[in-house]
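Morning, everyone. One structure today, and I'll keep it short. Please have a look at it before I start.

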Amino acid sequence: MVTWQLTIDSNDSARMARFWAPLLGYVPEPPPSGFDSWLAYYQSVVPDENLSGDPEDYIDRLVDPGGEGPKVWFQPVPEKKAVKTRFHFDIYVADRTAPMEEIVATVDAKVAELVGLGATVDHPIRIDTDTLQRYAVVMHDPEGNEFCVA
């Protein structure tokens, strides 16, 4: 059996975990056994670093509460995102069989909610032909990583 996690470089890992957890339906991963917080764990494995402050600032790992999806870790890194992300999340919020007006309203409502949480809109994509109807909005999370809401 293969298990895996998605690791995303981040400048503010706790902020990114707080942004993505509700969007993915995930929850913060509990700290390892024997530790009351991730801060305590990190202090044990990186003793030469000056790690202190609010333990909430060290919650950087998410898990699927149903145990089905992969773990997500927002790995702290010093450098800023420099180029387009090579892969991204697609977040499906609309019923793709609904009328186009309903799809647009559902997606746009989620987009507005996410903008309120720190995301930005890049551009919408709309295909509305006799054979295909799709609507999505390309967005950026608070650190500039691309994702789509459809």
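One definition first, for what comes later: helices here are DSSP runs of H or I with at least four residues, strands are E runs of at least two, and both are numbered from the N terminus. Also, please keep in mind that this is a predicted model.

Now, helix α3. It covers residues 100–116. Within it, the side chains of Glu-113 and Lys-110 form a salt bridge, 3.3 Å from N to O. Why is about one helical turn the separation of these two? Because Glu-113 and Lys-110 are three residues apart in α3. Glu-113 is partly exposed, at 43% relative accessible area.

Let me step back to the whole protein. We have three helices and eight strands. In sequence order, the pattern reads β-α-β-α-β-β-β-α-β-β-β. The C-alpha trace spans about 60 × 35 × 30 Å along its principal axes. There are 150 residues, and 35% of them are buried.

On to the sheet. It is open, it has four strands, and the order is β1-β4-β3-β2. Pairing is mixed. Which strands stand at the edges? β1 and β2, the latter being residues 27–28. Each has a single partner strand, so one side of each has no neighbour in the sheet.

As a reminder, strands in a sheet pair through backbone hydrogen bonds, in either a parallel or an antiparallel sense. Here we see both. β1 pairs with β4, residues 71–76, in the parallel sense, over six bridges. β3, residues 61–63, runs antiparallel to β4, and two bridges join them.

Some partners, if you want to follow on the screen. Leu-6 stands opposite Val-72 in β4. Ile-8 has Phe-74 as its bridge partner there. For Asp-9, the partner is Gln-75. From the β3 side, Leu-62 has Val-72 as its bridge partner in β4. So Val-72 turns up twice: opposite Leu-6, and as the partner of Leu-62.

Stay on β1, residues 5–10. In a regular strand, side chains alternate between the two faces of the sheet. In β1, the covered face holds Leu-6, Ile-8 and Ser-10. The uncovered face holds Gln-5, Thr-7 and Asp-9.

What about the segment before β1? Val-2 lies there. Val-2 is exposed, with a relative accessible area of 74%. Its C-alpha atom is 21 Å from that of Phe-74, and the two residues are 72 apart along the chain.

Next, the largest pocket. Its space comes to about 420 Å³. How many residues line this pocket? The answer is 22. Nearest its centre are Ile-8, Asp-9, Lys-81, Thr-85 and Asn-145. Which element gives the largest share of the lining? That is β1, with five residues. Two β1 names we have already met, Ile-8 and Asp-9, are in that central group.

Lys-81 brings me back to salt bridges. A search of the whole structure finds five. One of them joins Glu-146 and Lys-81 through their side chains, at 3.4 Å, N to O. This pair links distant parts of the chain, 65 residues apart. Glu-146 is in strand β8, residues 146–149. Lys-81 sits in the loop between β4 and β5, with β5 at 89–91. Buried or partly exposed: which is Glu-146? Buried, because its relative accessible area is 12%, and the cut-off for buried is under 20%. Lys-81, at 33%, is partly exposed.

Another salt bridge joins the side chains of Asp-128 and Arg-126, 3.5 Å from N to O. Asp-128 counts as partly exposed, at 45% relative accessibility. Arg-126 is also partly exposed, at 48%.

Last stop, the surface. Ile-125, Ile-127 and Leu-132 make a nonpolar patch there. Together they have about 210 Å² of accessible area. Where is Leu-132? In the loop between β6, residues 120–128, and β7, residues 133–140. Leu-132 is partly exposed, with a relative accessible area of 34%.

That's my tour. Over to you.

Key
Residues are numbered from 1 along each chain as its sequence is written. This is a predicted model: local features need pLDDT of at least 70, side-chain atom pairs count only at pLDDT 80 or more; totals for chains, interfaces and linings use all residues. Side-chain values use heavy atoms; hydrogens and water are left out. Patches are made of residues with over 30% relative accessible area and no salt bridge: like charges are joined within 9 Å, nonpolar side chains (Val, Leu, Ile, Met, Phe, Trp, Tyr) within 5 Å. Accessible areas come from the Shrake-Rupley method with a 1.4 Å probe; for residues, only the protein chains shown count as cover. A salt bridge is a side-chain nitrogen of Lys or Arg within 4 Å of a carboxyl oxygen of Asp or Glu. Buried means under 20% relative accessible area, exposed over 50%, partly exposed in between (1.4 Å probe, protein chains only). Two strands pair if DSSP finds at least two bridges between them. On a 1 Å grid over the protein atoms alone, a cavity is a set of points where a 1.4 Å probe fits but cannot get out, and a pocket is an open set with protein on both sides within 12 Å along at least five of seven lines; lining residues have an atom within 4 Å of a point. Grid points are joined across faces, edges and corners, and a volume is the space filled by probe spheres set on the points.
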